[in-house]
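Work through the exercises below with the sequence and the model in view. Each task is followed by a solution in steps.

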Amino acid sequence: MPTTTRPDLYVVLGVDASAGGDDIARAFRARAKQLHPDTSSEPDAAAKFNELVGAYGVLSNHRTRREYDARRDAPEVVVVPARSAPGRPVVRVPSGPLGSKWSRRKAWTALIAGALVAVLGIGAAWLTWHLHESDAQRLADYRPVSASRIGNGDIEFITADGRIVSTREPEQHGEGSDLGPTVKVRYDPAQPTHVIVDASSMGRDITLAIVSLKFLIGGPVFVVLGARRLRRPVAS
């Protein structure tokens with residue numbers, strides 16, 4: 001069988017052999033607009049368009065491009081996909097960013113950012129645990145009591161040993177008590193004027209736990225993606 005000369009795929013796309021993935025995608029988009037059978041008036045537009053799509057299919061993929069480059073100077077080169085039967089081909093021109101590949105810079109950015117996010121997740125998890133344990137300890141050490149609001153931001157209550165204590169009402173956050181005539185607080189037996197709101201911190205703890213969990217999952221995912229991209233050839 002006689003050997004046929006195949007067109008140089010880089011020539012078909014109009015780019016240098018050293019062109020990066022983005023350059024190849026841009027060249028393909030520009031040529032596709034010129035040669036698409038729906039818009040081109042050239043008599044052989046359909047054949048050239050098929051040839052262009054085949055060249056882009058080979059050069060936009062790292063593996064097939066490496067294989068093509070390795071055999072480019074040989075008598076037989078990577079064959080452009082066979083043309084369709086006579087008649088206008090039904091070809092869908094890819095939309096959006098074509099052939100977009102991760103550069104080494106993006107891969108390193110993903111890896112480093114993922115590591116930082118993972119560290120933030122560890123820190124958020126530690127903070128959540130520390131706050132929970134601190135609140136639990138305070139609730140265990142302080143005595144619960146129902147205090148009366150006496151105006152001007154002051155409250156009054158009777159301790160377990162019968163002392164009447166007047167002090168400033170603690171500022172409420174999150175799941176605090178309502179604004180009725182009484183408020184549930186906890187006081188320090190050693191210093192009764194030191195009071196805290198007797199309220200649950202579960203809502204805060206759940207929110208922090210969710211945030212830390214997202215960091216702990218998202219961070220390693222980006223680390224793995226970045227590392228995998230760095231282990232394979234990427235677009236320049």
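**Aromatic pairs and a surface patch**

In this predicted model, Phe28 and Tyr56 are both buried.

**Exercise 1.** Classify the ring pair of Phe28 and Tyr56 as stacked, tilted or edge-to-face, and place both residues in the chain.

Solution.
- A pair of aromatic rings is described by the distance of the centres and the angle of the planes.
- The ring centres of Phe28 and Tyr56 are 4.3 Å apart, and their planes meet at 15 degrees.
- Planes under 30 degrees apart count as stacked, so the pair of Phe28 and Tyr56 is stacked.
- Phe28 lies in helix H2 (residues 21-35) and Tyr56 in helix H3 (residues 45-59). With their positions 28 residues apart, the pair links distant parts of the chain.

**Exercise 2.** The structure holds 3 aromatic pairs. Describe the one formed by Tyr10 and Tyr68, and decide whether each residue is buried or exposed.

Solution.
- The centres of the Tyr10 and Tyr68 rings are 5.9 Å apart, with 50 degrees between the planes, and the pair is tilted.
- Tyr10 belongs to helix H1 (residues 9-13) and Tyr68 to helix H4 (residues 62-70). They are 58 residues apart, so this pair too links distant parts of the chain.
- Buried means under 20% relative accessible area. Tyr10 has 1% relative accessibility and therefore counts as buried. Tyr68 is also at 1%, so Tyr68 is buried.

**Exercise 3.** Which residues form a nonpolar patch on the surface?

Solution.
- The patch consists of Leu213, Ile217, Val221, Phe222 and Leu225.
- Together they have about 450 Å² of accessible area.
- One of them, Leu213, is found in helix H6 (residues 202-230).

Notes. Residues numbered from 1 in each chain as written. Predicted model: local features only at pLDDT ≥ 70, side-chain atom pairs only at ≥ 80, totals over all residues. Heavy atoms only, no water. Patch = residues over 30% accessible without salt bridge, like charges linked within 9 Å, V, L, I, M, F, W, Y side chains within 5 Å. Areas by Shrake-Rupley, 256 points an atom, 1.4 Å probe, with all protein chains shown as cover. Salt bridge = Lys/Arg side-chain N within 4 Å of Asp/Glu carboxyl O. Helix = DSSP H or I, 4+ residues; strand = E, 2+ residues; numbered from the N terminus. Phe/Tyr/Trp six-rings, centres within 6.5 Å; stacked < 30°, edge-to-face > 60°. Buried < 20%, exposed > 50% of the residue type's maximum accessible area, 1.4 Å probe, protein only.
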